[in-house]
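User: Please take a close look at a single part of this structure and explain what surrounds it. A connected account would be welcome.

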Amino acid sequence: MSEELTHIRLTAWVHGRVQGVGFRWWTRSRALELGLVGSAGNLADGRVEVVAEGVREHCERLLAALRSGESPGSVDHVVERWSPAKGGISGFVER
């Protein structure tokens, strides 16, 4: 399989005012547009955790969107972690 088509997992922790402002819905919409699977969920400390699997270029585009300043709310910064895709995920859900 070529490197461009190898699936990867992006886990991103989004810091800022990102809960209760439509951020998870917005993230889900961007992810689905990019053909990614995964989830966006609120954490108890106010962050949103985004897990996305798919083609690396599409995951990178989602990460760029998270950092773009175009999302609902206000993103202070995003911490990212890359790992091999685990699979077994269908769709993109809000948690």
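Analyst: In this predicted model, leucine 62 is in contact with Thr27, Arg30, Ala31, Leu34, Leu36, Val50 and Ala52, once its neighbours within four places in sequence are left aside. Leu62 also belongs to the largest nonpolar core, which has 21 residues. Together with Ala12, Val14, Leu36, Val50 and Leu66, Leu62 touches the most other members of that core. Four elements each supply at least two residues of this core: strand S1 (7-17), helix H1 (23-33), strand S3 (48-55) and helix H2 (56-66). Of the elements, H2 gives the most, with five residues.

One of the contacts of Leu62, threonine 27, leads to the next part of the picture. Thr27 lies in helix H1. Is this residue buried or exposed? The relative accessible area of threonine 27 is 0%, so the residue counts as buried, the cut-off being under 20%. Not counting residues up to four places away in sequence, threonine 27 touches Ala40, Val50, Leu62, Leu66 and Phe92.

Thr27 has company within its helix: the buried residues of H1 are Phe23, Trp26, Thr27, Ser29 and Ala31. An α-helix has 3.6 residues a turn, so residues three or four places apart point the same way. The buried residues of H1 pack against two further groups of elements: the strands S1, S2 (37-42), S3, S4 (74-84) and S5 (92-94), and the helix H2. After H1 comes glycine 35, with a positive phi near 75 degrees.

Methods. Residues are numbered from 1 along each chain as its sequence is written. This is a predicted model: local features need pLDDT of at least 70, side-chain atom pairs count only at pLDDT 80 or more; totals for chains, interfaces and linings use all residues. Side-chain values use heavy atoms; hydrogens and water are left out. A nonpolar core is a set of buried Ala, Val, Leu, Ile, Met, Phe, Trp, Tyr and Cys residues joined through side-chain atoms within 4.5 Å. Buried means under 20% relative accessible area, exposed over 50%, partly exposed in between (1.4 Å probe, protein chains only). Contact means heavy atoms within 4.5 Å.
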